[in-house]
Amino acid sequence: MSPRSFHSASAGFEAALHVDLLPEGHRSRRLHGHSFFATVRAELPAGWAPFAGGEVAELQRRMEACCAPLDYALLNAVEGLGAPTDENIARWIRRRLEAEFGVPGIEQVGVQSTAHTGVDLDRAGHAHLWRRYRFQAAHRLPNVPAGHKCGRMHGHGFEVILHADQDIGERAYGLDYDRIDDIWAPLHFELNYQCLNEIAGLENPTSEVISAWLWRRLKPLLPELSWVTVYETGSCGANFDGQNYRIWKEMTFDSAIRLKHAPEGSPLRGIHGYTWALRLHLNAPLDAVMGWTVDFGDVKTLFDPVFKAIDHRPLFENTAIDDGDALSLARWVLAEGRAVLPQLDRIDVYETRGNGAIVLASARADELVPV
Ligand SMILES: Nc1nc2c(c(=O)[nH]1)N=C([C@H](O)[C@H](O)COP(=O)(O)OP(=O)(O)OP(=O)(O)O)CN2
């Protein structure tokens with residue numbers, strides 16, 4: 001096993017734009033504005049930050065400085081940006097982070113322009129557009145053991161994220177979000193306000209089965225489709241890429257830390273704390289009878305002793321945890337978590353939205369699947 005790790009930092013900016021390369025009459029040709037949110041994930045070498053454990057703060061500082069010219073700006077007037085599509089903004093941020101802000105090992109740059117729309121630029125330079133949809137539906141899982149809560153008929157506000165790889169290199173404009181909307185529209189009609197068990201192919205409607213069902217329906221219409229993500233609740237879901245199933249479970253923990261390598265006088269050296277966001281990712285084959293990889297409920301139960309060791313704790317008193325930074329915590333959680341859940345293959349730990357660390361259990365290049 002050769003684990004890889006990434007640091008993540010984000011910056012928001014308010015900006016105006018008009019996208020003139022869209023067809024005549026398209027609403028985005030008009031002057032309009034967005035609250036953008038950009039994130040970078042980078043595999044940073046040891047010694048890059050001013051002190052060990054200071055990587056998130058340093059990456060955040062550089063990310064904010066990089067994006068500063070975009071804040072309260074007309075993006076069409078920003079030098080070198082070109083047509084202000086989400087993709088071009090991501091490429092502009094990436095170029096500047098590399099060339100002017102000394103950020104090595106960039107794995108991903110994401111730009112979110114609305115609550116339901118964005119682009120993730122991967123290491124190879126492919127732009128994955130994503131679009132989020134919602135549908136309200138009921139279901140029950142018919143094969144769960146007696147007494148399992150999901151065996152009862154219940155309902156969810158499901159969310160689906162469709163990711164499409166534009167694969168257009170450096171061209172300014174490829175797939176339009178509206179095309180994804182048009183392809184999604186009949187599926188919304190089919191799923192919304194329905195009982196999923198009554199739909200052919202969804203007799204056992206787990207998140208995994210729904211994501212694969214959507215993949216089979218959408219891929220022929222949208223060859224660019226790269227992942228289908230299904231959120232069953234706000235804290236768990238599944239992802240399918242045509243071959244592999246991945247699931248995740250999110251939780252928060254509230255803990256105190258200090259960074260032991262921070263310089264004298266820095267507040268980061270003293271006791272401080274966060275409501276950390278923790279996301280557990282698992283990769284496993286589908287159980288043909290249950291229709292799931294690992295039961296979200298089992299994930300929670302098996303992980304509970306690890307959770308209890310970090311929630312409402314002074315983590316600097318735990319000598320098994322190297323330091324109080326996000327990467328040290330993610331590494332510890334991965335090691336402890338895999339002892340009880342060997343399917344765990346990635347841990348994300350965030351101090352605040354977009355600012356934290358990710359650790360992978362293996363060196364597979366395609367594991368930064370956005371969710
Ligand atoms: N791998 C899967 N496990 C489970 C699925 C599934 O689709 N795939 N579905 C369910 C249930 O349908 C249930 O509604 C969701 O379960 P759970 O994670 O327990 O959801 P909660 O939001 O209720 O969890 P809390 O963290 O307690 O809020 C079960 N498992």
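1. In which hand does helix 1 pass helix 2? The crossing is right-handed, meaning that the near helix is turned clockwise from the far one by less than a right angle; anticlockwise would be left-handed. Helices here are DSSP runs of H or I with at least four residues, and strands are E runs of at least two, numbered from the N terminus.

2. A word on the model before going on. It is a predicted one, where local features need pLDDT of at least 70, side-chain atom pairs count only at pLDDT 80 or more, and totals for chains, interfaces and linings use all residues. Residues are numbered from 1 along each chain as its sequence is written.

3. Back to our pair: helix 1 covers residues 55-67 and helix 2 residues 86-99, packing at about 125° with axes 10 Å apart. The axes are lines fitted to C-alpha atoms over the stretch in contact, with angles from 0 to 180 degrees between N-to-C directions. The two helices are therefore oblique to each other, the class left after under 35 degrees (roughly parallel), over 145 (roughly antiparallel) and 65 to 115 (roughly perpendicular).

4. Who meets whom? Arg62, Cys66 and Cys67 of helix 1 are in contact with Ile93, Arg96 and Leu97 of helix 2 (C-beta atoms, placed from the backbone, within 7 Å).

5. Now the whole chain, which has six helices and 14 strands. Its C-alpha atoms fill a box of roughly 65 × 60 × 30 Å along the principal axes. Of the contacts between residues at least 6 apart in sequence, 65% join residues at least 24 apart.

Methods. Two residues are in contact if their C-beta atoms, placed from the backbone, lie within 7 Å.
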